[in-house]
Amino acid sequence: MLPSVLIRSLTNALTALIALVCLSLLLLVTSSFLYTNQKPILASQEEGAGLPVMPGQAVKMTEQQVHGKQLFENNCAQCHAKTEEVIVGPGLQGVSSRVPNKAWLVTWIRNSQAVVSSGDAYGVALYNKFNKISMSSFPNFTEADISAILAYVDGGSTK
């Protein structure tokens, strides 16, 4: 017969091993639920027209979107997020679908205060909603520059 001290040690070791196996199984099962609710995102038209892309998977950007990203990071990111998150100004995700039209958006980006001063109802409401903080003017942005920024933040959709 084995001494009681040895039996107690073996029992404790076996209990710890069983607990470790149970914990590992629990982690395996719960982590599988983290990835089952992700819905595929469709790649942009330029990238293969509607192929599913899982969140977190890189999608190659077009030249226009790369240019837009550079402009966004150098001029817009201080006050705006690419997502819906509000920083100083509104998040820019889906901005093209929220504004009256692309021509209005181009005018707003070039000189928002001129739009507000003109009495434009949408512009005045936007200005008031964000605590009457004036957006920087970008009069040197070409329409191509603005389209590139929109292609970057909206994933290619412009209105």
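**Exercise 1. Is E73 buried, partly exposed or exposed, and what is its relative accessible area?**

Before solving, a word on the model. This is a predicted model, in which local features need pLDDT of at least 70 and side-chain atom pairs count only at pLDDT 80 or more, while totals for chains, interfaces and linings use all residues. Residues are numbered from 1 along each chain as its sequence is written, and side-chain values use heavy atoms, with hydrogens and water left out.

*Solution.*
- Step 1: Recall the classes: buried is under 20% relative accessible area, exposed is over 50%, and partly exposed lies in between (1.4 Å probe, protein chains only).
- Step 2: The relative accessible area of E73 is 44%, so E73 is partly exposed.
- Step 3: Look for a partner. E73 forms a salt bridge with K69, and their closest N and O atoms are 4.0 Å apart. The term asks for a side-chain nitrogen of Lys or Arg within 4 Å of a carboxyl oxygen of Asp or Glu. Side chains of opposite charge can pair when their charged atoms come close.
- Step 4: Place the pair. E73 and K69 are 4 residues apart in helix 2, so about one helical turn separates them. An α-helix has 3.6 residues a turn, so residues three or four places apart point the same way.
- Step 5: Check the partner. K69 has 30% relative accessibility and therefore counts as partly exposed.
- Step 6: Search the whole structure, and 1 salt bridge is found.

**Exercise 2. Describe the overall make-up of the protein.**

*Solution.*
- Step 1: Count elements: the protein has 7 helices and 2 strands. Both are DSSP runs numbered from the N terminus, with helices being H or I of at least four residues and strands E of at least two.
- Step 2: Read the order from the N terminus: α-β-β-α-α-α-α-α-α.
- Step 3: Turn to burial: 27% of the 159 residues count as buried.
- Step 4: Add the surface. About 10,700 Å² is exposed, and carbon and sulfur atoms supply 62% of it. These areas come from the Shrake-Rupley method with a 1.4 Å probe; for residues, only the protein chains shown count as cover.
- Step 5: Consider contacts (heavy atoms within 4.5 Å). Among those between residues at least 6 apart in sequence, 47% join residues at least 24 apart.

**Exercise 3. Which residues of helix 6 are buried, and how are they arranged around its axis?**

*Solution.*
- Step 1: The buried residues of helix 6 (121–129) are G123, L126 and Y127.
- Step 2: Looking down the axis, these residues fall within an arc of 100°, so they line one face of helix 6. The arc is taken from the directions from the helix axis to the C-beta atoms.
- Step 3: On the face turned away from that buried side are the exposed residues A121 and K129.
- Step 4: Helix 4 and helix 5 are included in what covers the buried residues of helix 6.
- Step 5: At the start of helix 6, a side-chain oxygen of D120 comes to within 3.3 Å of the backbone nitrogen of Y122.
- Step 6: Past the end, N131 follows helix 6 with a positive phi, near 60°. Most residues other than glycine have a negative phi. N131 sits in the loop between helix 6 and helix 7, and its 64% relative accessibility makes it exposed.
- Step 7: K132 lies in that loop between helix 6 and helix 7 and has a positive phi near 55°. K132 counts as exposed at 52% relative accessibility.

**Exercise 4. Work out the surroundings of helix 4.**

*Solution.*
- Step 1: In helix 4 (residues 102–110), the buried residues include W104, L105, W108 and I109.
- Step 2: Their cover includes helix 3 (95–98), helix 5 (112–117), helix 6 and helix 7 (143–154).
- Step 3: At the start of helix 4, a side-chain oxygen of N101 reaches to within 3.1 Å of the backbone nitrogen of A103.

**Exercise 5. Where is H80 found, and which residues does it touch?**

*Solution.*
- Step 1: H80 is in the loop between helix 2 (63–75) and helix 3.
- Step 2: With a relative accessible area of 13%, H80 is buried.
- Step 3: Leaving out residues up to four places away in sequence, H80 touches F72, I87, G89, P90, L92 and M135.
- Step 4: The H80 side chain reaches the backbone oxygen of P90 at 2.7 Å.

Technical notes: Polar contact = N/O pair within 3.5 Å; in protein donor to acceptor, adjacent residues only side chain to side chain.
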